[in-house]
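User: Please take a close look at one part of this model, and set it in the context of the whole chain. A connected account is preferred to a list.

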Amino acid sequence: MEDYKYLTIVEWAKNYISSKGLKPKDRFLTEKELCEIHGVSRQTVRQALMCLENDNVISRVRGSGAFVSSGFVQPLSNVQTKNIGVISTYFTDYIFPQIVTGIESVLNDSGFSMQLAITHNKVAEEQQALQSMISGGVQGLIVEPSKSALPNPNMELYDELRRKNIPVVFFNAKYPWSDYPCVAMDDEAAGRVAADYIFDCGHRKIAGIFALDDIQGHKRYCGFTKSCIAHGLRNAEDNVLWFATSDKNSVFTSGKNRLLELLGETTAVVCYNDNIAVKLLQFCKEHDISVPGELSVVGIDDSKYASICDVPLTSVSHPKRRLGEAVAEKLIDRISSFSYDEGDIIFTPELKIRESVKML
């Protein structure tokens, strides 16, 4: 493991010198600075410096420190355009255009160009996007993970990104095994805020519909469940429908009998997102279930559909463009400062109250 660490520092140092535009005889970083940046021991840093000196990348002067060697030639591959890869599950609809617009705005203002790829929430398409971005020489990656709650076969590609010192920042969610930073809404809080409001309106028979293959679905379910327990409803898990994002319509088609049975036993439903909530409103209309008269509905994300559907939807607000701006700023900071700060940025959700919830 120590070998891996010192070799990683060697490659990182070459990229650092090139990206910073350091010239021969310019001062290089100290041992202490390298230890702090990479979180390793002085012994590991000294191994890296020895290797860099042997490769004629730096020269060390006793008592003065390390300097860029006059014999170091910057690789052409490192003198690259300022290109950032953005991998999103979707783009043309829902909240995604606003997120990507926020990302693009910050990148453009900072002199970066953006290369966009869409995965349709499929790991195979994520693999293709990652391979294309790596071969295209991007300086950094902004990624929304595909099926983030399931085992992912692309871990080797993320390991390759780390070996190549290409910084990555996730948005909306991140894989449980990843230590890359993430910019997201507090999804557990979103589920709890939605359920708390329903309880505050006097409801005691509530249900939930959540995605099973995305971490966001798990966290929103967790917040929903915690709210139920806090309000004395301890069988909340019995009133939850799960769906796979690739087959979300099945809740309202092949699963309609189970859904009708559930709705007959409840007065309010928390939905995984506005997409599902709007489909539920349409389902209720088709089956003569009055909203909010017979059933109250709360969504999450406060998408553009929330305010224009037949019954304006109460929904937990997603930061959208602000989130996109924050994730781009996070990545640029990692590139410009060579920071390895893995801290996440989490937005606190707020509830937008409209007409889809009845006060009992």
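Analyst: Accessible areas here come from the Shrake-Rupley method with a 1.4 Å probe, and for residues only the protein chains shown count as cover. On that basis the chain exposes about 16500 Å², with carbon and sulfur atoms providing 49% of it. The model is predicted, so local features need pLDDT of at least 70 and side-chain atom pairs count only at pLDDT 80 or more, while totals for chains, interfaces and linings use all residues. Residues are numbered from 1 along each chain as its sequence is written, and side-chain values use heavy atoms, with hydrogens and water left out.

First, the whole chain. Its C-alpha trace spans about 80 × 35 × 30 Å along the principal axes. The chain holds 11 helices and 14 strands; these are DSSP runs numbered from the N terminus, H or I of at least four residues for helices and E of at least two for strands. Of the 360 residues, 51% are buried, where buried means under 20% relative accessible area, exposed over 50%, and partly exposed in between, with a 1.4 Å probe and protein chains only. Contact means heavy atoms within 4.5 Å. Among contacts in the chain with a separation of 6 or more, 74% join residues 24 or more positions apart. For charges, Lys and Arg count as positive and Asp and Glu as negative, with His and the chain ends not counted; each charge is placed at NZ of Lys, CZ of Arg, CG of Asp or CD of Glu. The mean positions of the 39 positive and 46 negative charges lie 4 Å apart.

The part chosen for a close look is helix 8, residues 215–230. The expected span of a helix is 1.5 Å times one less than its number of residues. For the 16 residues of helix 8 this gives 22 Å, and the end C-alpha atoms are 23 Å apart, which agrees. An α-helix has 3.6 residues a turn, so residues three or four places apart point the same way. The buried residues of helix 8 are Ile215, Gln216, Gly217, Arg220, Gly223, Phe224, Thr225, Ser227 and Cys228. They pack against strand 7 (182–185), helix 7 (187–200), strand 8 (206–211), strand 9 (240–243), strand 10 (268–271) and strand 11 (296–301). Just after helix 8, glycine 232 has a positive phi of about 85°.

Cysteines link this helix to the search for disulfides, defined as pairs of cysteine sulfur atoms within 2.5 Å. The whole structure has zero of them. Cysteine 222 is partly exposed at 26% relative accessibility, and its closest cysteine sulfur, in cysteine 228, is 11 Å away, too far for a bond. Cysteine 182 is buried, at 5% relative accessible area; for its sulfur the closest cysteine sulfur is that of cysteine 222, at 16 Å, which is too far for a bond.

Arg220 of helix 8 also leads to asparagine 273. Leaving aside neighbours within four places in sequence, asparagine 273 contacts Tyr94, Arg220, Gly299, Ile300 and Asp301. Asparagine 273 sits in the loop between strand 10 and helix 10 and is buried, with a relative accessible area of 10%. Its C-alpha is 8.8 Å from that of valine 316, although the two are 43 residues apart in sequence. Its contact partner tyrosine 94 belongs to the loop between strand 3 (83–88) and helix 4 (96–109). Tyrosine 94 is buried at 10% relative accessible area, and has a positive phi of about 65° although it is not a glycine.

Helix 10 follows the asparagine 273 loop. It has 13 residues and reaches 18 Å from first to last C-alpha, close to the 18 Å expected. Asp274, Ile276, Ala277, Leu280, Leu281, Phe283 and Cys284 are its buried residues, and they pack against strand 8, strand 9, helix 9, strand 10, strand 11 and strand 12 (314–317). In the loop between helix 10 (274–286) and strand 11 lies proline 292, joined to valine 291 by a cis peptide bond with omega near 5°.

Strand 9 also borders a loop, leading to helix 9 (256–264), in which valine 251 lies. Valine 251 is buried at 7% relative accessibility. Beyond neighbours within four places in sequence, its contacts are Leu241, Phe243, Lys256 and Leu259.
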